[in-house]
Number of protein chains: 2
Amino acid sequence: MSICGSSEPEHKSVRRKAGRPFDASKRAAIVDAAAHHFFHYGYAATAIEQVAADAGVSKVTIYNQFGDKRALFVAAVERECEKLRGHFSIEHAAPGSIRDRLTAIGQAIVAFLFRPEMLQFERRIAAETEAEPAIGAAFLEAGPWRMKHGFAAYLSHAVSAGELAIPDPMLAAEQFVSLCKGMGDLERRFGAIVTPEQRDRRILGAVEMFLAAYGTTPSLAPTDR
Amino acid sequence: MSICGSSEPEHKSVRRKAGRPFDASKRAAIVDAAAHHFFHYGYAATAIEQVAADAGVSKVTIYNQFGDKRALFVAAVERECEKLRGHFSIEHAAPGSIRDRLTAIGQAIVAFLFRPEMLQFERRIAAETEAEPAIGAAFLEAGPWRMKHGFAAYLSHAVSAGELAIPDPMLAAEQFVSLCKGMGDLERRFGAIVTPEQRDRRILGAVEMFLAAYGTTPSLAPTDR
DNA sequence: GACAAGTTGAACGGCTCCGTTCAATAAAAC
DNA sequence: GTTTTATTGAACGGAGCCGTTCAACTTGTC
């Protein structure tokens, strides 16, 4: 099972086999439709025939190209993970105090993670991880772990600049994100609504606590409000 | 849909209707078997016939008593939530420094939350919350929110004792738990193994950070190690 | 004992859906 | 033009499972 490996492992200009080649545009349409159905209605609730119809393609074509329902699902996950990979760049040079920048980063992270599509995607991945652990691993690599590394690098940068004092940036990255999400993560997964006020309260608290632990200048608002 | 309301809403000694009454022991056996199957194999993958066989009961009996597959699932969730309710008591008088006590609490919380059965249960609840939001709400009430209140009360107690300085105990409770779980929560859900060392590292870091923000005595080990 | 209601086993209808087969057709390589 | 391969539409086999029905039996109340 090669989930989320390098995109084009072997495209050596090997002599194309004779006959009519696969229609790449059809393949893309299939994966698109499949991703939509899988992540919107769930794996079991997705009928191959429906995917075929949405992709404007025959069902047999899908089985020709992917062979299996699971394989199609894996392909959809791969595509989504690929999209994820582009979303983790933090500007190393940003304006404002470290407090302001942390706040902005926290808001961006929460906004990104709490999108409804992300919720759906996580749900499906978590459900299928049980049957196919490689799927969960691929998601962790492409998403959370990647983000953690990026953010840890940012923190290290701030440490170099003397703005923070962090013994373990990887741990600190986890801590900050965990604080920002707080219980909102659970509530979201279990259908409770999380108000923007709650989000902001958690982010504010996260920044406050983070600076209390890792700040270099004596924190100015230890007992705010 | 009455999920997790008061256990026995109307048991007024209303004149028992004539004829053979429901067999309570059978009902219990059914719910037991159903819970096992639902939380072990998932809702869709659970066949009523199998539940009936495991409970030593006829399929028709299940339909007589519960009427529906969903209703049976709800009954199983109710029973599990009921069990959850007993698990959130924190000893207000415990020995040791506040640091030691927080560490012990963190370890207990993580140990409780990371049990495999809890993972399974959460997975199923999250999956079914989509179709039935009341299920997710019931779980939040019986589990996370209950725990949060209990822990916040404990923290308030420590504040009264002058051991901590916390402006918002509810937020602080969230923060501590979030820090203890850290990314381990995600990793667990997506099939990655979380080593005891990682857990302990996170708990240690959580206590450290928590005391840095809310401690009353100057933290003794800011840059531990 | 008469009555009412739960329990059982078996069978059935109905539904959804996966994956395959087949013959006909289209598109590329040689 | 020939060969090779992909695509299509339709149909089929097979499986799983929900929920119902029925007749017989059991267990309770009156």
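**Figure 1. Residue classes at the surface near DNA strand C.** In this predicted model, the surface near DNA strand C has 10 nonpolar residues, eight polar ones and 10 charged ones. In total, 28 residues surround the strand. Thr46(A) and Lys59(A) are among the closest, together with Ala18(B), Ser58(B) and Thr61(B). Of the atoms of DNA strand C that come within 4 Å of the protein, 64% belong to sugar and phosphate.

**Figure 2. Phosphate oxygens of DNA strand C and residues of chain A.** Thr46(A) takes part through its backbone: a polar backbone atom lies 3.0 Å from a phosphate oxygen of DNA strand C. Lys69(A) takes part through its side chain, with a polar atom 3.2 Å from a phosphate oxygen of the strand. For Asp68(A), an N or O atom of the side chain is 3.2 Å from a phosphate oxygen of DNA strand C. Two elements give two or more residues to the surface near the strand: helix H3 (59–66) of chain A and helix H3 (59–66) of chain B. H3(B) provides the largest share, four residues.

**Figure 3. The interface of chain A and chain B.** Here 40 residues of chain A are in contact with 40 residues of chain B. The two chains bury about 3700 Å² between them. Carbon and sulfur atoms carry 64% of that area. Three residues stand out on the chain A side: Arg189(A), Phe190(A) and Met209(A). They supply 20% of the area that chain A buries against chain B, more than any other three residues.

**Figure 4. Salt bridges and polar contacts between chain A and chain B.** The interface holds 10 salt bridges by the rule applied. One of them joins the side chains of Glu130(A) and Arg124(B), at 2.7 Å from N to O. The rule also finds 12 residue pairs in polar contact across this interface, both residues of each pair at pLDDT 80 or more.

**Figure 5. Helices on the side of chain A that touches chain B.** Helices of chain A that give two or more residues to this side include H6 (116–129), H7 (133–142) and H8 (144–160). Helix H9 (169–181), helix H10 (184–189) and helix H11 (196–214) of chain A do so too. H11(A) gives the largest share, nine residues. By class, the side of chain A that touches chain B has 19 nonpolar, nine polar and 12 charged residues.

Key. Residues numbered from 1 in each chain as written. Chains lettered and ligands numbered in written order. Predicted model: local features only at pLDDT ≥ 70, side-chain atom pairs only at ≥ 80, totals over all residues. Heavy atoms only, no water. Near = heavy atom within 4 Å. Polar contact = N/O pair within 3.5 Å; in protein donor to acceptor, adjacent residues only side chain to side chain. Nonpolar A, V, L, I, M, F, W, Y, C, P; charged D, E, K, R; others polar. Contact = heavy atoms within 4.5 Å. Buried area = accessible area lost by both parts, 1.4 Å probe. Salt bridge = Lys/Arg side-chain N within 4 Å of Asp/Glu carboxyl O.
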